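The following exchange examines one protein chain, passing from individual residues to the whole fold and its pocket. Please consult the sequence and the structure as you read.

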Amino acid sequence: QVQLVESGGGLVQPGGSLRLSCTVSGSIFRIPVMGWYRQAPGKQRDMVARISSGGGVTKYADSVKGRFTISRDNAENKVYLQMNSLDPEDTAVYYCNAGGSLVVTGAYWGQGTQVTVSS
């Protein structure tokens, strides 16, 4: 069983930055793909970014390209999402996801962390 715990969310002003972390129980070395998704109130949960096992291949939603960066540290069993130039439209609950492929959502989810971008 894979357990995911997100942290790093909070309130930030427009133009600011946050770094989200996802700690994975057990070794993530064997999990081929990890990702971040987000869900705003009244909207569906959408993919934000996904990363391959070695970190060499990434995929981003068009809305975050050039602003967000996904990375992973297999030795520390962590996945990160660096978010820069945040906009109020980025306000959502952010979820860590494990498994699947670069184009298929994995089966495992964290509990989510709230990100609010507001002045």
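Q: In which strand is Thr23 found?
A: The model discussed here is predicted. In that model, the strand made up of residues 18–24 holds Thr23, and this strand is E3.

Q: Is Thr23 buried, partly exposed or exposed?
A: Buried requires a relative accessible area under 20%, and exposed requires one over 50%. Thr23 has a relative accessible area of 31%, so Thr23 is partly exposed.

Q: Which residues is Thr23 in contact with, leaving aside its neighbours within four places in sequence?
A: Contact is taken as heavy atoms within 4.5 Å. With sequence neighbours within four places left aside, the residues in contact with Thr23 are Gln3, Leu4, Val5, Asn77 and Lys78.

Q: What distance separates the C-alpha atoms of Thr23 and Tyr80?
A: Along the chain, Thr23 and Tyr80 are 57 residues apart. In space, the separation of their C-alpha atoms is 9.0 Å.

Q: Where is Asn77, a contact of Thr23, placed in the chain, and what is its phi?
A: Asn77 belongs to the loop that runs between strand E7 (68–73) and strand E8 (78–83). Its phi is positive although the residue is other than glycine. The value for Asn77 is near 55°.

Q: Which other loop residue has a positive phi, between E8 and strand E9?
A: The loop between E8 and strand E9 (92–98) is the place of this residue. At 45% relative accessibility, the residue counts as partly exposed. Its phi is near 50°, and the residue is Ser85.

Q: What is the relative accessibility of Ser53, and how does Ser53 count?
A: Ser53 is found in the loop between E5 and strand E6 (58–60). Partly exposed covers the range between the limits of 20% and 50%. Ser53 therefore counts as partly exposed, at a relative accessibility of 33%.

Q: Which residues does Ser53 touch, not counting those up to four places away in sequence?
A: One of the residues touched by Ser53 is Asn74. The C-alpha atoms of Ser53 and Asn74 are separated by 8.3 Å, with their positions 21 residues apart along the chain. The full set for Ser53 is Ile31, Pro32, Arg72 and Asn74.

Q: Which residues does Tyr108 touch, not counting those up to four places away in sequence?
A: Tyr108 is found in strand E10, which covers residues 108–109. With a relative accessible area of 32%, Tyr108 is partly exposed. Beyond four places in sequence, Tyr108 touches Gln1, Val2, Leu4, Cys96, Asn97 and Ala98.

Q: What distance separates the C-alpha atoms of Gln114 and Val104?
A: Gln114 lies in strand E11 (residues 113–117). Among the residues that Gln114 touches are Gly9, Gly10 and Thr91. Gln114 and Val104 are 10 residues apart along the chain, and their C-alpha atoms are separated by 24 Å.

Q: How many helices and how many strands does the protein chain have?
A: Read along the sequence, the pattern of the chain is β-β-β-β-β-β-β-β-β-β-β. The secondary structure accordingly comes to 0 helices and 11 strands.

Q: Why does the radius of gyration of the protein chain agree with that of a compact globule?
A: The C-alpha trace spans about 40 × 25 × 25 Å along its principal axes. For 119 residues, a compact globule would have a radius of gyration near 14 Å. The chain agrees with this because its own value is 13 Å.

Q: What share of the residues of the protein chain counts as buried?
A: A residue is buried when its relative accessible area is under 20%. Among the 119 residues of the chain, the share that counts as buried is 43%.

Q: Which strand supplies the largest share of the lining of the largest pocket?
A: The largest pocket has a volume of about 220 Å³. Of its 15 lining residues, the closest to the centre are Arg38, Ala40, Lys43, Asp46 and Glu89. Strand E4 (33–39) and strand E5 (46–52) each supply at least two lining residues. The largest share, 3 residues, comes from E5.

Q: How many residues of each class does the lining of the largest pocket have?
A: The classes are nonpolar, polar and charged. In that order, the lining of the largest pocket has 7, 4 and 4 residues.

Terms used: Residues numbered from 1 in each chain as written. Predicted model: local features only at pLDDT ≥ 70, side-chain atom pairs only at ≥ 80, totals over all residues. Heavy atoms only, no water. 1 Å grid on protein atoms, 1.4 Å probe; cavity = no way out; pocket = protein on both sides within 12 Å on 5 of 7 lines; lining within 4 Å. Points joined across faces, edges and corners; volume = space filled by probe spheres on them. Helix = DSSP H or I, 4+ residues; strand = E, 2+ residues; numbered from the N terminus. Nonpolar A, V, L, I, M, F, W, Y, C, P; charged D, E, K, R; others polar. Rg over C-alpha atoms; globule rule 2.2 N^0.38 Å. Buried < 20%, exposed > 50% of the residue type's maximum accessible area, 1.4 Å probe, protein only.
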